[in-house]
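Subject: The two-chain model, handed over

Hi,

Here is the structure we talked about. Please open it beside this email and follow along.

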Amino acid sequence: MLNRRSVLQAGIALPIVLTQAEALAQAGDTIRVACAGPMTSSNAAAGDQMKIGAMQAIEDLNAKGGVLGKKLVLDVADDACDPRQAVSVANQIAGRKTVFVAGHYCSGSSIPASKVYAEEGVLQMSPASTNPKFTDEGSWNTFRVCGRDDQQGAIAGAYLAKQFKGQKIAILHDNSAYGKGLADETKKALNKAGVTETLYSAYTAGEKDYNAVVSRLKGAGIQVIYLGGYYTEAGLILRQAKEQGMAVTLVGGDALVTKDFWQISGAAGEGTLMTFSADPRNRPQAKELVARFKAKNVDPEGYVLYTYAAFQIWAAAATKIKSTDPKKVAAELKAHGPWQTVLGPIGFDKKGDVTVPDYVFYVWKAGNYSQI
Amino acid sequence: MAYALQQLINGVSLGMIYGLIAVGYTMVYGIIGMINFAHGDIFMIGAFVSLIALLLLSAGGLMEGPAAILLVLVISVAITGLYGWAVERVAYRPLRGSFRLAPLISAIGISIVLQNFVQVAQGARPKPSEAVISGGIELMREGDFTVQLTYVQILIIALTLAVLAIFTVLVTRTRLGRAMRACEQDRRMASLLGIDTDRTISLTFVIGAALASVAGTMYLLRYGVIDFYIGFLAGVKAFTAAVLGGIGSLPGAVLGGLLIGLIETFWSAYFSVQYKDVAAFSILVITLIFLPTGLLGRQEVEKV
């Protein structure tokens with residue numbers, strides 16, 4: 001008779017056999033790459049952007065015959081924007097003999113994960129992590145396609161000082177590597193321009209009730225908020241500020257570049273400003289790809305094209321040196337270039353930062369954002 | 001003055017939501033001496049059911065006036081109550097004769113199951129909803145500072161007090177309440193005297209879930225954004241509230257919820273926002289050192 005225990009054992013044994021079979025089938029003729037980001041958590045919209053970009057990039061590369069004649073296999077990993085989960089995800093990815101990772105999204109995840117990748121010999125290119133530490137402290141393996149917060153903050157601080165002269169400014173951050181880093185850089189630039197903020201405070205990300213913070217801003221007569229943080233909290237703070245009868249302009253960073261921001265803030269998001277690079281969707285190199293996305297009814301906003309570009313750059317470098325060895329590819333990325341991508345040509349400096357970063361301001365109006 | 005009043009309003013409306021959830025913890029603990037760790041997730045289910053009901057009603061063009069909100073509330077209470085019943089039936093009842101920790105572990109399991117179920121079924125992104133009840137009253141003005149009391153806040157406070165009154169009557173005055181108190185005192189004796197203890201416990205879970213779903217609806221109306229993870233944080237806070245107020249005591253749960261809400265808010269208002277949870281939990285620890293049974297808890301009499 002088949003008793004419970006033997007059924008259980010069979011149940012455990014079967015997946016093991018299956019995974020081994022899968023591993024055998026794929027060994028040799030494929031190259032494993034990964035895309036890691038917050039597929040869940042309050043930043044899931046950004047993770048989704050990365051996933052869309054990564055899947056399209058792999059599809060297009062494979063359609064052209066893969067890299068070095070081998071097909072690419074993509075793993076999509078979820079770090080939930082949590083530094084601890086990012087490390088365990090990084091270990092998983094490294095354990096699968098992955099050669100290249102496009103990720104992560106949150107700087108707080110990218111930085112600890114990069115240490116794992118460096119040890120295990122995985123090349124990492126973040127489409128979105130802007131905290132300077134990522135490449136400053138990074139080893140041979142860290143690259144990013146986006147700008148840095150010291151650049152973003154410098155532009156935001158100068159703009160605040162000029163545009164909102166004489167108004168009361170509050171700087172808020174969520175204590176994450178990205179949020180606090182960006183807020184501090186902005187504060188530095190603002191103070192350098194001779195303006196002192198009225199209030200500098202942290203808030204706890206992941207909550208829904210920011211009324212106490214909002215009342216505090218209201219009590220201090222704040223007219224402008226600079227927020228170093230992500231879109232969910234930004235939307236909630238604006239929504240609750242409006243409920244409390246407060247008229248305030250929010251200025252934020254690149255983490256607000258998603259339509260989900262407006263869904264949360266609703267009409268309270270009107271007039272919100274944010275820094276991001278000049279809209280990648282409008283660049284001539286992206287035209288054909290954007291049209292294909294539009295045909296699928298996908299708006300390639302935010303970091304979709306950045307993730308796509310990360311794979312393009314890696315594939316171009318690997319093809320050029322005829323090797324996917326992460327160290328050799330990393331050396332090649334820094335030594336040569338610029339690399340042709342959907343974002344236009346991108347080159348890297350010694351640290352792995354892009355050589356020509358560009359930040360401009362966007363404004364939210366009636367559910368859409370446009371460059372100022 | 002105006003500033004303190006505004007923060008008081010913020011704190012009370014937040015605390016009332018904690019209180020409503022805390023009542024569920026306290027009732028279940030009172031009757032079977034178990035901490036239902038899945039209760040926070042039942043609250044989250046309540047919020048999701050409300051959101052779905054809200055979207056369906058507005059798609060059908062019925063989303064107008066207080067009647068519609070009442071309808072959302074009724075749908076949410078009914079479906080979430082069913083979840084509460086099912087959780088008890090599936091995960092706790094089979095373990096009733098088992099050792100004390102078994103249902104606790106099973107509760108943690110259910111909590112993870114519910115979270116993941118909603119994450120997979122509804123997606124991981126935060127779900128926004130339009131403000132259904134907007135606007136409010138300007139209570140007072142001091143210079144540029146206005147004190148706003150929104151209609152949703154009034155609704156939350158009124159509803160919590162009404163629900164609390166109804167359940168106090170239910171527990172102290174009705175047949176079911178008497179059966180619940182009997183089970184609480186001595187389950188074996190109660191069953192010997194002809195009380196259907198399984199049914200009573202089931203109903204307690206349904207009532208607890210119903211209260212959590214009311215809290216879920218209020219949460220949705222108040223903040224307009226929910227995700228599959230809200231149950232964890234709210235659950236922890238509400239559980240703390242229940243312990244602070246004296247676990248097993250209904251008014252204690254609401255009092256505890258109010259205190260946690262007020263401490264968090266006033267700490268954020270006058271001190272560092274980052275340390276508000278530290279403040280709230282430190283007060284919990286201090287209270288428990290001096291009053292081990294919580295503020296309104298009874299001394300546990302060891303039965304011989």
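How many residues does helix H3 of chain B have, and how far does H3(B) reach from its first C-alpha to its last? Helix H3(B) runs over residues 65-92 and has 28 residues. Its reach is 40 Å, close to the 40 Å expected at 1.5 Å a residue. Keep in mind throughout that this is a predicted model.

**More on H3(B)**

Look along this helix for residues that are buried. Among them are Val72(B), Leu73(B), Ser76(B), Val77(B) and Thr80(B). Further along come Gly84(B), Val87(B), Glu88(B) and Tyr92(B), which are buried too. What covers them? The cover for the buried residues of H3(B) includes three helices of chain B: H2 (39-59), H4 (101-122) and H8 (197-223).

**Chain B as a whole**

Chain B has 11 helices and four strands. Its radius of gyration is 20 Å, and the globule rule gives 19 Å for 304 residues, so chain B is as compact as a globular protein of that length. Along the principal axes, its C-alpha atoms fill a box of roughly 65 × 50 × 35 Å. Buried residues make up 48% of the chain. Now take the contacts in chain B between residues at least 6 apart in sequence. Of these, 74% join residues at least 24 apart.

**A hairpin in chain B**

Next, find strands S2 (residues 136-142) and S3 (residues 145-150) of chain B. They pair in the antiparallel sense, over six bridges. Gly136(B) in this pairing stands opposite Thr150(B). Met140(B) stands opposite Val147(B). S2(B) and S3(B) form a hairpin, with two residues between them. Gly143(B) sits in the turn and has a positive phi of about 65 degrees.

**Where the chains meet**

How many residues of each chain take part in the contact between chain B and chain A? The contact involves 29 residues of chain B and 33 residues of chain A. On the chain B side, the elements that give two or more residues are H1 (2-32), S3, H9 (230-245) and H10 (250-270). So strand S3 of the hairpin turns up here as well, as one of the elements on the list. H1(B) gives the largest share, five residues. By type, the chain B side divides into 13 nonpolar, 11 polar and five charged residues.

**Chain A as a whole**

Chain A has 13 helices and 12 strands. A compact globule of 372 residues would have a radius of gyration near 21 Å, and chain A agrees with 22 Å. Its C-alpha trace spans about 70 × 60 × 40 Å along the principal axes. Of its 372 residues, 55% count as buried. For contacts with a separation of 6 or more, residues 24 or more positions apart account for 70%.

**Two domains in chain A**

The domain assignment gives domain 1 (4-147 + 284-335) and domain 2 (150-276). Their centres, taken over C-alpha atoms, are separated by 31 Å. The contact between them takes 16 residues from domain 1 and 16 residues from domain 2. On the domain 1 side, helix H2 (44-63) and helix H4 (107-120) of chain A are the elements that give two or more residues. That side divides into five nonpolar, nine polar and two charged residues.

**Four spots in the loops of chain A**

- Gly103(A) and His104(A) are joined by a cis peptide bond, with omega about -5 degrees. His104(A) lies in the loop between strand S3 (100-103) and H4 of chain A.
- Ala80(A) has a positive phi near 50 degrees, though it is not a glycine. It is found in the loop between strand S2 (71-78) and helix H3 (83-95) of chain A. Ala80(A) is buried, because 22 other C-beta atoms lie within 10 Å.
- Asn297(A) is another residue other than glycine with a positive phi, near 65 degrees. Its loop runs between helix H11 (287-295) and helix H12 (304-321) of chain A. Is Asn297(A) buried or exposed? Asn297(A) counts as exposed, because it has 6 C-beta neighbours inside 10 Å.
- Gly367(A) is in the loop between strand S11 (360-365) and strand S12 (368-371) of chain A. With 14 C-beta neighbours inside 10 Å, Gly367(A) counts as partly exposed. Gly367(A) and Ile237(A) are 130 residues apart along the chain, and their C-alpha atoms are separated by 17 Å.

Best wishes

Technical notes
Residues are numbered from 1 along each chain as its sequence is written. Chains are lettered from A and ligands numbered from 1 in the order in which they are written. This is a predicted model: local features need pLDDT of at least 70, side-chain atom pairs count only at pLDDT 80 or more; totals for chains, interfaces and linings use all residues. Two strands pair if DSSP finds at least two bridges between them. The radius of gyration is taken over C-alpha atoms; the globule rule is 2.2 Å times the number of residues to the power 0.38. A residue is buried if 20 or more other C-beta atoms lie within 10 Å of its own, exposed if 12 or fewer, and partly exposed in between; C-beta atoms are placed from the backbone. Two residues are in contact if their C-beta atoms, placed from the backbone, lie within 7 Å. The expected span of a helix is 1.5 Å times one less than its number of residues. Ala, Val, Leu, Ile, Met, Phe, Trp, Tyr, Cys and Pro count as nonpolar, Asp, Glu, Lys and Arg as charged, and the others, Gly among them, as polar. Domain bounds come from an automatic or database domain assignment.
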